[in-house]
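Hi,

Here is the structure I said I would pass on to you. Have a look at it first, and my notes on what turned up follow below.

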Amino acid sequence: MLSACLFDLDGVLVDTAKHHYTAWKKLAEEKIGVNFTHEDNEALKGLSRAESLSYILSKTNREFSQEDQLSMMEEKNLNYLSLVSQLTPSDLLPGALELLQSLKASGIKAALGSASKNAPMIIEKLGIVDLLDVVVDGNVVTLSKPHPAVFLKGAELLGVAPEHTVVFEDAVSGVAAAKAGGFFCVGIGEPEALPQADYVVSDLSFVTIEDLKSKFFN
Ligand code: B16
Ligand code: MG
């Protein structure tokens, strides 16, 4: 039985990775003095803000106090917020709105399971607040993916069992979190990049409830 779907935010419902890239690159190059590439940004997908900063700081021998690190995260976030403040419903990735609407129409629950502390503001900008029954984000759960906490909390709040729930994820760490929690995981991206996923599509426009039910939840 298919009872619910849990959605990661960045890379599944909206492409905010490009804004994380711009904001981290500015901080890394201007304040820390290290290079920041698209490959680095890929490695940060699904990680928390603090873990992302630790990754960047591991590229330098310079020492930064706890206070410096907090102000760096604040600075990066302010830059990021000014970029995502421009988001509108037209920034939803292909198929996202249609799938959320069809879940609502068929009585299958939907929740957000994101590491981002900015998730509430972003879903508001995207106009999908009413299509999500539950929002679990980086403010609710502090244990980062690949720990399954964010998805287990979502299932618990929805009152559904992981084995009756699909997680949609684009990050390796997020797919690992879904599998560790006992969920069926649909990877968003390239199959070679997400070998742990049960099924991979390039975006949500390739997913229908009927397909999920007939292929995997019979
Ligand atoms: P924030 P997701 C994650 O979102 C991003 O993939 C990751 O790059 C980011 O560092 C993290 O959110 C924290 O974001 O700084 O907004 O709290 O993919 O889990 O939806
Ligand atoms: Mg993601």
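A word on terms before the pocket: the domain bounds used here come from an automatic or database domain assignment, and a residue counts as lining a pocket when it has an atom within 4 Å of one of the pocket's grid points. Please also keep in mind that this is a predicted model.

**The pocket**

Where does the largest pocket lie? Domain 1 (4-15 + 89-216) and domain 2 (17-84) both contribute residues to its lining, so the pocket lies between them. Its volume is about 630 Å³. The lining is made up of 37 residues, and those closest to the centre are L47, S48, R49, A115 and S116. Four elements give two or more residues each: helix 1 (17-32), helix 2 (38-44), helix 3 (49-57) and helix 4 (66-84). Helix 4 gives the most, with 6 residues. If you are thinking about the chemistry of the lining, it divides into 14 nonpolar, 13 polar and 10 charged residues.

**The salt bridges**

In general, side chains of opposite charge can pair when their charged atoms come close. Searching the whole structure gives 11 salt bridges, and I picked out three pairs for you.

- K145 and D8 form a salt bridge, with 2.9 Å between the closest N and O atoms. K145 sits in the loop between strand 3 (134-136) and helix 7 (149-158), and D8 in the loop between strand 1 (4-7) and helix 1, so this pair ties together parts that are 137 residues apart in sequence. Both K145 and D8 are buried. These two residues also belong to a network of salt bridges that links D8, K145 and E169.
- E75 and K31 meet through their side chains in a salt bridge (2.9 Å, N to O). Since E75 lies in helix 4 and K31 in helix 1, the pair ties together parts 44 residues apart in sequence. E75 counts as partly exposed at 28% relative accessibility, and K31 is also partly exposed, at 41%.
- D170 and K45 form a salt bridge in which the closest N and O atoms are 3.5 Å apart. This pair links distant parts of the chain, 125 residues apart: D170 is in the loop between strand 4 (165-169) and helix 8 (172-180), and K45 is in the loop between helix 2 and helix 3. Is D170 buried or exposed? With a relative accessible area of 10%, D170 falls under the 20% cut-off and is buried, whereas K45, at 23% relative accessibility, counts as partly exposed.

Happy browsing, and best wishes!

Methods: Residues are numbered from 1 along each chain as its sequence is written. Chains are lettered from A and ligands numbered from 1 in the order in which they are written. This is a predicted model: local features need pLDDT of at least 70, side-chain atom pairs count only at pLDDT 80 or more; totals for chains, interfaces and linings use all residues. Side-chain values use heavy atoms; hydrogens and water are left out. On a 1 Å grid over the protein atoms alone, a cavity is a set of points where a 1.4 Å probe fits but cannot get out, and a pocket is an open set with protein on both sides within 12 Å along at least five of seven lines; lining residues have an atom within 4 Å of a point. Grid points are joined across faces, edges and corners, and a volume is the space filled by probe spheres set on the points. Ala, Val, Leu, Ile, Met, Phe, Trp, Tyr, Cys and Pro count as nonpolar, Asp, Glu, Lys and Arg as charged, and the others, Gly among them, as polar. A salt bridge is a side-chain nitrogen of Lys or Arg within 4 Å of a carboxyl oxygen of Asp or Glu. Buried means under 20% relative accessible area, exposed over 50%, partly exposed in between (1.4 Å probe, protein chains only).
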